[in-house]
Amino acid sequence: MAEVHDITIKCPKCGEDGAFKVWTSVNATLNPELREKVLDGSMFHFHCEKCGGDFILPNPTLYHDMNHQFMVWLVANPSDKMPGFSLSGNPEFANYKCRVVSSLDELNEKIFIFESGLNDVVIEIIKHELRAGSFDTEGAEQTFAGGEFYFKELTRSGLVFVRIVEGTEAQPFVFPMDLYNAFHSAAREQKLIDLPLRFYCINDAWVKKNVK
């Protein structure tokens, strides 16, 4: 169930008070229209009637998809704490993927990954390797060092990633499915796939700490 509260906040630009809707919980299965508001950022948009300023202000929000069995906490500000949420003793969450992210880009990526039936641990390992250098795909070497990568969609050709360099989105590229499967097998051998049920922050720092 979606939970939303009307609060008053001060405009980050002019300091005047303004009305703002704070979404603390979103269920994309029960309220599918809210999925798009998350993806386009409009759920976190604040417009100041006084100065006309527009801002994206992500507050702690739990995104829940019952169909694809995953939950993601968005906790964007270091000063914010993830609200308590108990997973233990509840059989309906037994097969869930539960994650914590710190940005809207990361939240959107987790949504795309889990909706596509992919594993985010494998995706993060691939992204780690992409940042490090090059891949030889079908005889053509592609160099990816530098920038940030985000998974966007799964197509018949493979996994589509976008690369962000100095704030600019470069041309999307396709990562072959057979290479994804190879990384998936390696991650399973290291027992990184079937993690115990709790909320994890699966990102590059987690990969550096856990992948051998």
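Is Gln-69 buried, partly exposed or exposed? Let's begin the tour there, bearing in mind that the model on your screen is predicted.

**Stop 1: Gln-69**

Select Gln-69, which sits in the loop between β5 (61-65) and β6 (70-74). Gln-69 counts as partly exposed, because its relative accessibility is 31%, and partly exposed covers the range between under 20% for buried and over 50% for exposed. Take a look at the backbone here too: phi of Gln-69 is near 55°, a positive value in a residue other than glycine.

Now show what surrounds this residue. Leaving aside neighbours within four places in sequence, Gln-69 is in contact with Glu-92, Asn-95, Tyr-96 and Lys-97. You can also draw a distance from Gln-69 to Ala-94: their C-alpha atoms are separated by 9.2 Å, with these positions 25 residues apart along the chain.

**Stop 2: Val-101**

Next, pick Val-101 in strand β7 (residues 97-101). Val-101 is buried, as its relative accessible area is 2%. Not counting residues up to four places away in sequence, Val-101 touches Val-72, Trp-73, Leu-74 and Val-75, and also Glu-106, Leu-107 and Lys-110. For a longer view, draw a line to Glu-33: the C-alpha atoms of Val-101 and Glu-33 are separated by 22 Å, and the two residues are 68 apart along the chain.

**Stop 3: Leu-107 and the nonpolar cores**

From Val-101, step to one of its contacts, Leu-107. With residues up to four places away in sequence not counted, Leu-107 touches Val-38, Tyr-63, Val-72, Leu-74 and Val-101.

Which residues touch the most other members of the largest nonpolar core? Select Tyr-63, Leu-107, Ile-123, Ile-126, Phe-151, Leu-159 and Phe-161 to see them; the core has 41 residues. There is also a second, separate core of 10 residues, and you can find it by selecting Met-71, Trp-73, Phe-93 and Cys-98, which are among its members. As background, nonpolar side chains tend to be buried together in soluble globular proteins.

**Stop 4: Leu-39**

Move on to helix α1 (residues 33-39) and pick out Leu-39. Leu-39 is buried, with a relative accessible area of 18%; the cut-off for buried is under 20%. Setting aside neighbours within four places in sequence, Leu-39 is in contact with Asn-108, Ile-111 and Phe-112. Although Leu-39 and Asp-105 are 66 residues apart along the chain, their C-alpha atoms are separated by 8.6 Å.

**Stop 5: α2 against α3**

Now colour helix α2 (residues 104-115) and helix α3. Their axes come within 10 Å and cross at roughly 120°, and α2 and α3 are therefore oblique to each other. To see where the helices meet, show Glu-109, Lys-110, Ile-113 and Phe-114 in α2 together with Asp-120, Ile-123, Glu-124 and Lys-127 in α3. Sorted by class, this contact has three nonpolar, no polar and five charged residues.

**Stop 6: α3 against α4**

Keep α3 (residues 120-132) in view and add helix α4 (residues 177-189). These two pack at an angle of about 110°, and their axes are 9 Å apart. That angle makes α3 roughly perpendicular to α4. The crossing in which α3 passes α4 is right-handed.

Which residues make the contact between α3 and α4? On the α3 side, select Val-122, Ile-123, Ile-125, Ile-126 and Glu-129; on the α4 side, select Tyr-180, Phe-183, His-184 and Ala-187. By class, the contact of α3 with α4 has seven nonpolar, one polar and one charged residues.

**Stop 7: Met-177**

Stay with α4 and select Met-177. Met-177 is partly exposed, with a relative accessible area of 30%. Apart from neighbours within four places in sequence, Met-177 is in contact with Leu-118, Leu-154, Gly-158 and Leu-159. Across to Glu-148, 29 residues away along the chain, the separation between C-alpha atoms is 20 Å.

**Last stop: Lys-191**

Finish in the loop between α4 and α5 (204-210), where you will find Lys-191. Lys-191 counts as exposed, since its relative accessibility is 70%. Its phi is near 60°, a positive value in a residue other than glycine.

Notes. Residues are numbered from 1 along each chain as its sequence is written. This is a predicted model: local features need pLDDT of at least 70, side-chain atom pairs count only at pLDDT 80 or more; totals for chains, interfaces and linings use all residues. Side-chain values use heavy atoms; hydrogens and water are left out. Axes are lines fitted to C-alpha atoms, for helices over the stretch in contact, and angles run from 0 to 180 degrees between N-to-C directions. Helices (H or I, at least four residues) and strands (E, at least two) are DSSP runs, numbered from the N terminus. Angles under 35 degrees count as roughly parallel, over 145 as roughly antiparallel, 65 to 115 as roughly perpendicular and the rest as oblique. A crossing is left-handed if the near helix is turned anticlockwise from the far one by less than a right angle, and right-handed if clockwise. Contact means heavy atoms within 4.5 Å. Ala, Val, Leu, Ile, Met, Phe, Trp, Tyr, Cys and Pro count as nonpolar, Asp, Glu, Lys and Arg as charged, and the others, Gly among them, as polar. A nonpolar core is a set of buried Ala, Val, Leu, Ile, Met, Phe, Trp, Tyr and Cys residues joined through side-chain atoms within 4.5 Å. Buried means under 20% relative accessible area, exposed over 50%, partly exposed in between (1.4 Å probe, protein chains only).
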